[in-house]
Amino acid sequence: MKLLIASRNPHKLTEIRAIFNLPGMEIVGAHEIEGLPEVIEDGRTFQANAVKKAVSLAMLTKLWTLADDSGLEVEALNGEPGVCSARFAGEPANYVANNVKLLNLLENNEHRAARFICVVALSSPNGRAQIVEGICQGRILCESRGEQGFGYDPLFMPDNYEQTFAQMDAALKNQISHRAMALKRAMQTWSELLGQSAADWPARRTKRKIFEKD
Ligand code: IMP
């Protein structure tokens, strides 16, 4: 069956292809289908944004569609930057400016616990979605360390490691990251369904919440 990924980011597509390598599954990125619109991420939660992206493109293409939304939540900032992670320091989105703002807000603050969150939504062609989540707990350092990765990676040190995400080998980050956790959970939860080329979610009652289109 064909699974559409609601992303044009080649790194995300590679990561998803590596995890979702089910027999007979063809994974296509949003850029591979002509005329698909950019879905605006204007939700107040990661869940709302991931569901909106998955449902919008699933209903347009009539394909099972997977979408993700992710970001950083800092405890001392009551969960900010949260869904505003990409544009924390304003438009246009800028990683360096975001990191400077974060460091300034946490100056002289010893409480530096933070977590990366990733929500993955899967929508049926009829626009009914389920979600799974992945979390990576850690803390924000007082200065940048490392050159790899993107976004808040140079400031984020995951619990039980002595390197920031930006100092880590990409392969290690991709094993422990919030996105890896969410994608692995997605695979465990939905692989059977996707392997069957089903037309919609099974009719039997499920413990998982289904987000219906409005
Ligand atoms: P998106 O889910 O790809 O739209 O991510 C939104 C924003 O969250 C990014 O622009 C980054 O600022 C931040 N972010 C998400 N995942 C990561 C990560 O793995 N490392 C660093 N920053 C991240």
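In this predicted model, the strand β3 is the biggest giver to the shell around the ligand, with three residues. Two elements, β3 (64-74) and α5 (178-195), give two or more residues each to that shell. Altogether, 15 residues surround the ligand. The closest of them are K12, S70, D153, K173 and R179. By residue class the shell splits evenly: five nonpolar, five polar and five charged.

Three of the closest residues also reach the ligand through polar side-chain atoms. For K173, an N or O atom in the side chain sits 2.8 Å from an oxygen atom of the ligand. For K12, the matching distance between a side-chain N or O atom and a ligand oxygen is 3.0 Å. R179 places a polar side-chain atom 3.0 Å from an oxygen atom of the ligand. As for cover, the ligand taken alone exposes 490 Å², and the protein buries 89% of that.

Turning to the pocket, the ligand takes up the space of the largest one. Its volume comes out at about 1,400 Å³, and 49 residues line it. N9, K12, S70, Y95 and F150 are the lining residues closest to the pocket centre. Two of these names, K12 and S70, also turn up among the residues closest to the ligand. The lining draws on several elements: α1 (10-19), α2 (46-61), β3, α3 (95-105), α4 (170-176) and α5 each supply at least two residues. Sorted by class, the lining holds 18 nonpolar, 17 polar and 14 charged residues. So β3 and α5, the two elements named for the ligand shell, also appear in the list for the pocket lining.

Next, the backbone. Most residues other than glycine have a negative phi, and most peptide bonds are trans. A few spots in this model go the other way. The peptide bond from E80 to P81 is cis, with omega near 0°, and P81 belongs to the loop between β3 and α3. A further cis bond runs from E91 to P92, with omega near -10°; P92, too, is found in the loop between β3 and α3.

Positive phi values show up as well. N78, again in the loop between β3 and α3, has phi near 55°, a positive value in a residue other than glycine. K62 has phi near 60°, which is likewise positive in a non-glycine residue, but K62 lies in the loop between α2 and β3. The loop between β3 and α3 thus carries P81, P92 and N78. The elements that bound these two loops, α2, β3 and α3, each supply at least two residues to the lining of the largest pocket.

Notes. Residues numbered from 1 in each chain as written. Predicted model: local features only at pLDDT ≥ 70, side-chain atom pairs only at ≥ 80, totals over all residues. Heavy atoms only, no water. Near = heavy atom within 4 Å. Polar contact = N/O pair within 3.5 Å; in protein donor to acceptor, adjacent residues only side chain to side chain. Areas by Shrake-Rupley, 256 points an atom, 1.4 Å probe, with all protein chains shown as cover. 1 Å grid on protein atoms, 1.4 Å probe; cavity = no way out; pocket = protein on both sides within 12 Å on 5 of 7 lines; lining within 4 Å. Sits in = over half its atoms within 2 Å of the grid points. Helix = DSSP H or I, 4+ residues; strand = E, 2+ residues; numbered from the N terminus. Nonpolar A, V, L, I, M, F, W, Y, C, P; charged D, E, K, R; others polar. Points joined across faces, edges and corners; volume = space filled by probe spheres on them.
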